[in-house]
Amino acid sequence: MKKDKNLTSSEKIAARTESFFAKNAKLLAIIGIIVVVLCVVIAVVSVTSNSSRDKIATATYNLEQDYYNLLVMDETSDEYNTASSEFIASADAIIAEAKTGDYASLKAKYLLGLYYYNTEDWTNALSYFEQVVNEGGDTYLVSLSMMNAAASAENAGDTDTALSYYNRVWDTYAAEAPESPKALFNSARIYEQTGDTGLAVATYSQLRDEFTTSEYAALAEARLLVLE
C-alpha cells in the first residue's frame, strides 16, 4: 500500500492499464480478430458492390449501342432478328439485376420502349414508357418517356391517353423541359382535331407567348391565323 501511495497519478494509471491488459489478454485478442474480420468483410462487400455497379453500367452502355446498331440493320434479315432477340434478353437481364428506379433499370426500360415503338408495337412501347414515368423520379428520362408514351398512345388510337401525357409534360415541368413546346403544340393539335377549337386556340396562344423563339411557336402562330 505504501508503495502505491508513492506512485504518481500517471504511474498509477499506467499500472492499472498494464494490469487490465494482462488480465484480459485473451478477450482483447478475440476482439482484435473480430475487428479484423469485420474490416475484411466490409472491404469485400465494398469491392463486390462496386464491381456489380460497374458491370451493370457497362451492360447499360452496351445495350444502348446495341439499340443504335439495330436502327441501321435490315429489319427483314436474320441478323436483325438475332440481334433483336439478344437486345431484348440483355435489357431484361439488366432490369432483373438492377434495382427498380436505378438509372440502369430506367434506361433499359426506356430503350425497350424505343425498340417497340420503332417496331410499331404500341402496346409494349406504351407499357415501358409508362414504367419509366412512374419509376423515374426527377431523371431526364421521365419527360422524354411522357412524350413517347403520348406518341405511342396516339399511334394506337388512344387520343385521351395521348392528350393526358402531353398535358402532363407541361403541368409537371412548365417551361423547364425541352419537350414542353412540342407537348403544348401536340395538345393543341389534338384539341383542334377533336373539335375543341376554344382549347386549341388557348393552347396555341400559350405556346406562342411562352416560347417565342421555338419552331413550335411559329407553327402555333400559323394555326392561329386559320382558327381565329
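Contact here means heavy atoms within 4.5 Å. With that in hand, helix α6 of this predicted model is a handy place to start. The buried residues of α6 pack against four other helices, namely α4 (78–97), α5, α7 (140–155) and α8 (159–173). The residues in question are Trp122, Ala125, Leu126, Tyr128, Phe129, Val132 and Val133. As for its geometry, α6 runs to 14 residues and spans 20 Å from first C-alpha to last, close to the 20 Å expected at 1.5 Å a residue. Just past the end of α6 comes glycine 137, whose phi is positive, at about 60°.

Next, the aromatic side chains. A pair of aromatic rings is described by the distance of the centres and the angle of the planes. There are 10 aromatic pairs in the structure. One of them joins tyrosine 67 to tyrosine 68, with 5.7 Å from centre to centre and 55° between the planes, so the pair counts as tilted, a label for planes that are neither under 30 degrees nor over 60 degrees apart. These two tyrosines sit in different burial classes: tyrosine 67 has a relative accessible area of 6% and is therefore buried, the cut-off being under 20%, while tyrosine 68, at 41%, is partly exposed because its value falls between 20% and 50%.

Another pair brings the story back to α6. Tyrosine 116 and tyrosine 128 are stacked, with 0° between the planes and 5.9 Å from centre to centre. This pair ties together distant parts of the chain, as tyrosine 116 belongs to helix α5 (residues 103–118) and tyrosine 128 to helix α6 (residues 122–135), 12 residues apart. Both of these tyrosines are buried. The two pairs also turn up in a wider arrangement: ring pairs link Tyr67, Tyr68, Phe87, Tyr115, Tyr116 and Tyr128 into a cluster.

That leaves the pockets. The largest pocket holds about 180 Å³ of space. Its lining is made up of 10 residues, and those nearest the centre are Ser52, Arg53, Ile56, Ala98 and Asp102. Helix α3 (residues 25–71) supplies the largest share of this lining, with 5 residues. Sorted by class, the lining of the largest pocket comes out as 4 nonpolar, 4 charged and 2 polar residues.

Methods
Residues numbered from 1 in each chain as written. Predicted model: local features only at pLDDT ≥ 70, side-chain atom pairs only at ≥ 80, totals over all residues. Heavy atoms only, no water. 1 Å grid on protein atoms, 1.4 Å probe; cavity = no way out; pocket = protein on both sides within 12 Å on 5 of 7 lines; lining within 4 Å. Points joined across faces, edges and corners; volume = space filled by probe spheres on them. Helix = DSSP H or I, 4+ residues; strand = E, 2+ residues; numbered from the N terminus. Nonpolar A, V, L, I, M, F, W, Y, C, P; charged D, E, K, R; others polar. Phe/Tyr/Trp six-rings, centres within 6.5 Å; stacked < 30°, edge-to-face > 60°. Buried < 20%, exposed > 50% of the residue type's maximum accessible area, 1.4 Å probe, protein only. Expected span 1.5 Å × (residues − 1).
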